[in-house]
Amino acid sequence: WLLSFKASMIYSDPSNLLGSWNTSPNPCSNSSSSSSWFGVSCDPISSRVVSLNLTIPSQGRQPNGFNILSGTLSPSLAHLTHLRTLSLAHHAFSGHIPPQLGSLNSLQILELQGCNLSGSIPHSLFLSLSLHFLNLSHNSLSDSIPPGFLNSTGALAVLDLSNNLLS
């Protein structure tokens, strides 16, 4: 699913961040928690992807945006059913947050801050019982936060929705 994500989502990868993502069918085939694919971590027992971290730390970002991925967030990410961490912060994505991300029952950390995302926050994210950390700050997300949201978020300990257009 990661190659599908790359092919359908990434329009531009000027620094070749995803150059290590090749045509091997499973980035987790080496029976360890590390993967040869940049930003991918695996469960050594199940050989499933548990973390996708493509966030560029602020000290590593080029001022001209040279190392920034651009494209749209693909619903195919929801096929990574063992994913616990999805961190795609500080890239030039556009469009909406796919509601399918709310179906990731193991997802604990979701970081999409500073990604130029717009539209509403999918209600499916508010229903996640496993999500501990949600950072959607510094986007152009709009609409309102559903009433009763804070009462329905089981494990959520950190929530950052700052610098959006929410009401």
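Colleague: Before we get to E7 and E9, what makes two strands pair?

Modeller: This is a predicted model, and here two strands pair if DSSP finds at least two bridges between them. Strand E7 (residues 109-111) is joined to strand E9 (residues 133-135) by 3 bridges. The cut-off is at least two, so E7 and E9 pair, and they run parallel. Within that pairing, the bridge partner of Leu110 in E9 is Leu134.

Colleague: Which strands sit at the edges of the open sheet?

Modeller: Six strands make up that sheet, with mixed pairing, in the order E2-E3-E5-E7-E9-E11. An edge strand here pairs on one side only. From one strand to the next, the twist averages 10 degrees. The edges are E2 and strand E11 (158-160).

Colleague: And E10, which strands does that one pair with?

Modeller: Strand E10 (residues 140-143) shares 2 bridges with strand E8 (residues 118-119) in the parallel sense, and Gly119 has Leu141 as its bridge partner there. Another 2 bridges link E10 to a parallel strand at residues 165-166, where Ser142 stands opposite Leu165. That gives E10 the partners E8 and E12.

Colleague: How is the aromatic pair of Trp21 and Trp37 arranged, and why does it tie parts together?

Modeller: The structure has 1 aromatic pair, and both Trp21 and Trp37 are buried. Each lies in the loop between strand E1 (10-12) and strand E2 (40-42), so the pair ties together parts that are 16 residues apart in sequence. The ring centres are 5.5 Å apart, with 25 degrees between the planes. Planes under 30 degrees apart count as stacked, so the arrangement is stacked.

Conventions: Residues are numbered from 1 along each chain as its sequence is written. This is a predicted model: local features need pLDDT of at least 70, side-chain atom pairs count only at pLDDT 80 or more; totals for chains, interfaces and linings use all residues. Side-chain values use heavy atoms; hydrogens and water are left out. Helices (H or I, at least four residues) and strands (E, at least two) are DSSP runs, numbered from the N terminus. Rings of Phe, Tyr and Trp (its six-membered ring) pair if their centres lie within 6.5 Å; planes under 30 degrees apart count as stacked, over 60 as edge-to-face and the rest as tilted. Buried means under 20% relative accessible area, exposed over 50%, partly exposed in between (1.4 Å probe, protein chains only). Axes are lines fitted to C-alpha atoms, for helices over the stretch in contact, and angles run from 0 to 180 degrees between N-to-C directions.
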